[in-house]
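Please look through the sequence and the fold shown here before reading on. The report that follows goes through strands, a ligand site and some backbone details in turn.

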Amino acid sequence: MFKKILIANRGEIALRVIRTCREMGIKTVAVYSTADKDSLHVKFADEAVCIGKPSSADSYLNIPHIMAAAEITNADAIHPGYGFLAENSKFAKICADHGIKFIGPTPDMINSMGDKVTAKKTMIKAGVPVVPGVEGLLESVDHAKTSAKEIGYPVILKATAGGGGKGMRVVSQESEIEKAFEAAKAEAAASFKNDGIYMEKFVEEPRHIEIQIAGDQYGNVCHLSERDCSIQRRHQKLVEESPSPFMTDELRERMGNAAIKAAQAINYESVGTIEFLVDKHRNFYFMEMNTRIQVEHCVTEEVINYDLIKEQIKIAAGEKITGKNYYPVMHAIECRINAEDPHNDFRPSPGKITVLHTPGGHGVRVDSHVYAGYVIPPYYDSMIAKLIAVAQTREEAIDTMHRALSEYVIEGVKTTIPFHLQLMQNEDFRKGNFTTKFLETFKMK
Ligand code: MV4
């Protein structure tokens, strides 16, 4: 087992990793930007190294600074968390070249899923269902036109280097396609330095349901059931839950098996997630694979009673998994508490938390790095806590969540708590009646 892990991240996920390391008897090294010198991850780690100025490029994305911190502290592994360098294959390669274990998949695995057209081809070969479309990149506007005619409108254009919505355009008729193609290409070039675009049939009002998987270094892969992440706004998830209210035992079996096939197709090692679109007929289609631990991993932990970070570290250290699947025995919901104003188009609201009361009690988990007096810096994402409610049924989990939200006091900054309070009382949400379009029509009171 590792003796010392450097956590190349900040905020709640840095703290999350430190907690598991402490339980496992592994020493921890925090790295931090000058903006984060008063952060809890700095205080809770055994050692801490400043890696630069506030901007991510100067600190949490600065590979030489992070490698220097790992070398001077003698860390034998690096946990990247999510975001920042978590899916950067160059970073994973540099770690390997320095004899430091990157706690995650190999650079090849990251690359094979990072390029979406390559990933899709791999999935087709493996027999995983994908959205009907053009196999490969679009070569020209004419190619796009003839392909869309064959597939049938509406179609969606996506960036092969994308993910999470950037460089995406929905096209409902031929008259729009030239403009959409050029716009998607320009956006992809600007965002990813790669202007490759591909085309799929547009699935109307889908649900976003993802399967958590784990694979070890010996070819054993298992799934750990699903999370429903349909409640999102502008590709930012706000609420996640497990099990999905749309799930059936039969669909879970089919999606779980497809996810295992997807992971096996690239000999996947570590924990990871296969994202699917699910249509109203319960057809599901591979969308992308996240080769990292995700923000919403906690809902899975709560419903299967399993520490995913511990498992990820054990796998990285070369331990075997049994290969048996995990099924939910509880219901968990996670609300992302962001420093944003839900009454003002979710505008970021950084600043000092003057008063803080955190909820607790039966069935409540809070993963957060903030405290009274903490100043939320403007440089990073706005998530300040994850509030997770766990109960035996979905209805009870919603009631527990509503109770916990109403106990939460955060003063000094605006937060998404008022939004979540209203959502937990929404009739369609309570019925499990929602798709990825739900928040387009949801209005704050
Ligand atoms: C789609 C789609 C409908 N049809 N692909 C959005 C982010 C990126 N990962 C893929 N996305 C979508 N791809 C086809 N063929 C609808 C979306 C989509 C979406 C997906 C999941 C969660 C929220 C979403 C919101 C808008 C669009």
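In this predicted model, strand E12 is covered on both of its faces: Ser270, Gly272, Ile274, Phe276 and Val278 are buried on one side, and Val271, Thr273, Glu275 and Leu277 are buried on the other. Counted along the strand, which spans residues 270-278, nine of nine residues are buried. In a regular strand the side chains alternate between the two faces of the sheet.

Strand E12 pairs with strand E9 (residues 207-215) in the antiparallel sense, over nine bridges, and one of the facing pairs places His208 opposite Leu277 of E12. Strand E12 is also joined to E13, again in an antiparallel arrangement, by six bridges, with Ile274 standing opposite Met289 of E13. The pair E12 and E13 forms a hairpin with five residues between the two strands, and Arg282, which lies in the turn, has a positive phi of about 65°.

His208, whose place is in strand E9, has a relative accessible area of 9% and is therefore buried, since buried means under 20%. The side chain of His208 makes a polar contact of 3.1 Å with the side chain of Glu210.

**The surroundings of the ligand**

Which residues come closest to the ligand? Of the 17 residues that surround the ligand, the closest are Lys158, Glu200, Lys201, Val203 and Glu288. For three of these residues, the table gives the distance from a polar side-chain atom to a nitrogen atom of the ligand.

| Residue | Distance from a polar side-chain atom to a ligand nitrogen |
|---|---|
| Lys158 | 2.9 Å |
| Glu200 | 2.9 Å |
| Glu288 | 3.0 Å |

The ligand has 530 Å² of accessible area on its own, and the protein covers 90% of it. Strand E6 (155-159), strand E8 (197-201) and strand E13 (284-290) are the elements that give two or more residues to the shell around the ligand, so strand E13, which pairs with E12, appears here again as part of the ligand's surroundings. Sorted by kind, the residues of this shell divide into seven nonpolar, six polar and four charged. Domain 2 (132-201) and domain 3 (207-440) each provide at least three residues of the shell.

**A parallel sheet**

A separate description is needed for the open sheet of five strands, which has the order E3-E2-E1-E4-E5 and parallel pairing. Why do strand E3 (47-52) and strand E5 (101-102) each have one side without a neighbour in the sheet? Both stand at the edges and have a single partner strand each, so one side of each is left without a neighbour.

Further inside the order, strand E1 (residues 4-7) is joined to E2 by four bridges, and these two strands run parallel, with Ile7 standing opposite Ala30 in E2. Strand E2 (residues 27-33) is mostly covered, as six of its seven residues are buried. Strand E4 (residues 77-79) pairs with E5 in the parallel sense over two bridges, and Ala77 has Lys101 of E5 as its bridge partner.

**Backbone details in the loops**

Most residues other than glycine have a negative phi, and most peptide bonds are trans. Against that background, two cis bonds may be noted. The bond that joins Tyr153 and Pro154 is cis, with omega about -5°, and Pro154 is found in the loop between helix H7 (141-151) and E6. The peptide bond from Ser242 to Pro243 is also cis, with omega near -5°, and the place of Pro243 is in the loop between strand E11 (236-242) and helix H9 (249-265).

Positive phi values occur in loops as well. Asn267 has a phi near 50° and sits in the loop between H9 and E12, where its relative accessibility of 61% makes it count as exposed. Phe346 has a phi near 55° and is found in the loop between strand E15 (340-341) and strand E16 (347-348), but Phe346 is buried, with a relative accessible area of 12%.

**Two helix residues**

Lys314 lies in helix H11 (residues 308-316) and, at 25% relative accessibility, counts as partly exposed. Lys314 and Asp216 are 98 residues apart in sequence and 9.1 Å apart in space, C-alpha to C-alpha. Ile304, found in helix H10 (residues 297-304), is buried, with a relative accessible area of 9%.

Methods:
Residues are numbered from 1 along each chain as its sequence is written. This is a predicted model: local features need pLDDT of at least 70, side-chain atom pairs count only at pLDDT 80 or more; totals for chains, interfaces and linings use all residues. Side-chain values use heavy atoms; hydrogens and water are left out. A residue is near a molecule or strand if one of its heavy atoms lies within 4 Å of it. A polar contact is a pair of N or O atoms within 3.5 Å; within protein, one must be able to donate a hydrogen and the other to accept it, and residues adjacent in sequence count only if both atoms are side-chain atoms. Accessible areas come from the Shrake-Rupley method with a 1.4 Å probe; for residues, only the protein chains shown count as cover. Ala, Val, Leu, Ile, Met, Phe, Trp, Tyr, Cys and Pro count as nonpolar, Asp, Glu, Lys and Arg as charged, and the others, Gly among them, as polar. Domain bounds come from an automatic or database domain assignment. Buried means under 20% relative accessible area, exposed over 50%, partly exposed in between (1.4 Å probe, protein chains only). Two strands pair if DSSP finds at least two bridges between them.
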